[in-house]
Amino acid sequence: MAGARADVDEWVLAARPGEVGGDVGARKHLQLNERFVSLIRGRNGGLHCLDSVCYHAGGPLLIGDVEDVNGVECIRCPWHAYPVRLLGGA
């Protein structure tokens, strides 16, 4: 998605309080500035926003499982099991 990156000084409202469920792994999928992203509720109750498409192989992260990988909270790509950290997206 070339050119889809928002300016670093731009903030976009992705959701209002209560629009994402309170359970760990609850999520909301949306399109922001021509990018598909997922808001995911982490185990500490915080929200994480990640691309809905795995940067490693293009898999659909939006349906991946949230799990602990060596003490790090991740979402696992359902296509090839690649773990993507909820905190930071790496």
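Histidine 48 counts as buried, because its relative accessibility is 13% and the cut-off for buried is under 20%. Keep in mind that this is a predicted model. Let's start from this residue, then meet the two sheets and a second histidine.

**Histidine 48 and its surroundings**

- You can find histidine 48 in strand 3.
- Its side chain reaches the backbone oxygen of leucine 86, at 3.3 Å.
- Leaving out residues up to four places away in sequence, histidine 48 touches Ser38, Leu39, Ile40, Gly42, Glu73, Leu86 and Leu87.

**The sheet that holds strand 3**

- Strand 3 belongs to an open sheet of 3 strands, ordered 1-2-3 with antiparallel pairing.
- Strand 1 (27-32) and strand 3 (47-51) are at the edges with a single partner strand each, so each has one side without a neighbour in the sheet.
- On average, neighbouring strands of this sheet are turned by 25° against each other, ignoring direction.
- Strand 2 (residues 35-41) runs antiparallel to strand 3, and 5 bridges join the two.
- To see one of these pairings up close, look at leucine 39, whose bridge partner in strand 3 is cysteine 49.
- As background, the strands of a sheet pair through backbone hydrogen bonds, and they can do so in a parallel or an antiparallel way.

**Histidine 29, in strand 1**

- Histidine 29 lies in strand 1.
- With 39% relative accessibility, histidine 29 counts as partly exposed, because that class falls between the cut-offs of 20% and 50%.
- The side chain of histidine 29 makes a polar contact with the side chain of serine 38, at 2.7 Å.
- Apart from neighbours within four places in sequence, histidine 29 is in contact with Val37, Ser38, Ser52 and Leu62.
- Ser38 therefore appears in two contact lists, that of histidine 29 and that of histidine 48.
- Histidine 29 and glycine 71 are 42 residues apart along the chain, and their C-alpha atoms are separated by 26 Å.

**The sheet of strands 4, 5 and 6**

- Here, too, 3 strands form an open sheet, in the order 4-5-6 and with antiparallel pairing.
- Strand 4 (65-69) and strand 6 (83-85) stand at the edges, and each has a single partner strand, so one side of each lacks a neighbour in the sheet.
- From one strand to the next, the twist averages 45°.
- Strand 5 (residues 72-76) pairs with strand 6 in the antiparallel sense over 3 bridges.
- For a pair to find in the structure, take isoleucine 75: its bridge partner in strand 6 is valine 84.

Methods: Residues numbered from 1 in each chain as written. Predicted model: local features only at pLDDT ≥ 70, side-chain atom pairs only at ≥ 80, totals over all residues. Heavy atoms only, no water. Pairing = 2+ DSSP bridges. Helix = DSSP H or I, 4+ residues; strand = E, 2+ residues; numbered from the N terminus. Axes fitted to C-alpha atoms, helices over the stretch in contact; angles between N-to-C directions. Buried < 20%, exposed > 50% of the residue type's maximum accessible area, 1.4 Å probe, protein only. Polar contact = N/O pair within 3.5 Å; in protein donor to acceptor, adjacent residues only side chain to side chain. Contact = heavy atoms within 4.5 Å.
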